[in-house]
Amino acid sequence: MRQVLFIHSAGPQGEQEGSSGLLQYLREQLDAEFQVIAPKMPDPDDPHYRPWKHALQKEIASLDDGAIVVTHSLGGSVLFKFLSEEAPEKPFAKIITVAAPYWESNSQWAVEEFLLEENFGCHMPPLPEIVLFHSAGDPIVPFSHSQKYSKKLSNATLRKLPGNDHLFPNGISELVSEIRKTESGS
């Protein structure tokens, strides 16, 4: 059974909060075929990069080779920063982000501890396919953030979703299809 590591967003993660709806949807859709692993990241109401990095490092080390990593919002930007600083111990089959913020200087997204280097993609180890999902009208993290990742990561595919969702409490059918596509190897 292939593993899916799900790294949630910042903010409250209780029932009906944060990434909980998206995670529940993934579990309902995938649990018969995949092992969905969803650790609670440290202090999501007041997240800091170092504790999240250490938690991510531990979770990745415990995965089987060929796991799929799915991230939501802050989870995606933390994963990219981590991968630009560290070589993962295990190879991934695919990385999928949903609504990941792009932290950069001289913008409202200039939080020092989450900033990426200008050429962060050059520091990342060779990675499998990267798929970036983002709503066209996301009111929390603008669609332009995923466009920036797409330009910086040569093997990334940007999937523009209709609407204005950020939390996706009802799930994303295209995300499930993307995960299953990985399983079938097509």
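**An exposed loop residue and a covered strand in a predicted model**

Gln 108 lies in the loop between β4 and β5. In this model, which is predicted, the residue has a relative accessibility of 69% and therefore counts as exposed, the cut-off for that class being over 50%. Along the chain, Gln 108 is 29 residues apart from Gly 137, and the C-alpha atoms of the two are separated by 18 Å.

The two strands that border this loop are themselves paired: β4, which comprises residues 92-98, and β5 run in the parallel sense and are joined over 5 bridges. Within this pairing, Ile 95 stands opposite Ile 130 in β5. Strand β5, formed by residues 129-135, is also joined by 6 bridges to strand β6, which covers residues 156-161, and here too the arrangement is parallel. In the pairing with β6, Val 131 is the residue that stands opposite Thr 157. Strand β5 is mostly covered, with 6 of its 7 residues buried.

Two residues with polar side chains illustrate the surroundings of these strands. Thr 97 has its place in strand β4, and it counts as buried because its relative accessibility is 0%, whereas the cut-off for burial is under 20%. When residues up to four places away in sequence are not counted, Thr 97 touches Val 131, Leu 132 and Phe 133, and also Thr 71, Gly 76 and Phe 80. Ser 146, by contrast, is found in helix α4, which spans residues 144-152, and with a relative accessibility of 0% it likewise counts as buried. Once neighbours within four places in sequence are left aside, the contacts of Ser 146 include Leu 132, Phe 133 and His 134, together with Ala 100 and Leu 158. Leu 132 and Phe 133 thus appear among the contacts of Thr 97 and among those of Ser 146.

A further position was examined in strand β2, which consists of residues 34-37 and contains Gln 35. At 37% relative accessibility, Gln 35 counts as partly exposed, because this class lies between the limits of 20% and 50%. Neighbours within four places in sequence aside, Gln 35 is in contact with Met 1, Arg 2, Gln 3 and Val 4. Ser 9, which is 26 residues apart from Gln 35 in sequence, lies 20 Å from it in space, C-alpha to C-alpha.

These elements belong to a chain that holds 5 helices and 6 strands, arranged along the sequence in the pattern β-α-β-α-β-α-β-β-α-β-α. The radius of gyration of the chain is 15 Å, which agrees with the value near 16 Å that a compact globule of 186 residues would have. Taken along the principal axes, the box filled by the C-alpha atoms is roughly 45 × 35 × 30 Å. Of the 186 residues, 51% count as buried, and 78% of the contacts between residues at least 6 apart in sequence join residues at least 24 apart.

At the surface, the chain exposes about 8,600 Å², and carbon and sulfur atoms supply 47% of this area. The side chains include 16 that are positive and 25 that are negative, and the centres of the two sets lie 5 Å apart.

Methods. Residues numbered from 1 in each chain as written. Predicted model: local features only at pLDDT ≥ 70, side-chain atom pairs only at ≥ 80, totals over all residues. Heavy atoms only, no water. Helix = DSSP H or I, 4+ residues; strand = E, 2+ residues; numbered from the N terminus. Rg over C-alpha atoms; globule rule 2.2 N^0.38 Å. Buried < 20%, exposed > 50% of the residue type's maximum accessible area, 1.4 Å probe, protein only. Contact = heavy atoms within 4.5 Å. Areas by Shrake-Rupley, 256 points an atom, 1.4 Å probe, with all protein chains shown as cover. Lys, Arg positive; Asp, Glu negative; His and termini not counted. Charge placed at Lys NZ, Arg CZ, Asp CG, Glu CD. Pairing = 2+ DSSP bridges.
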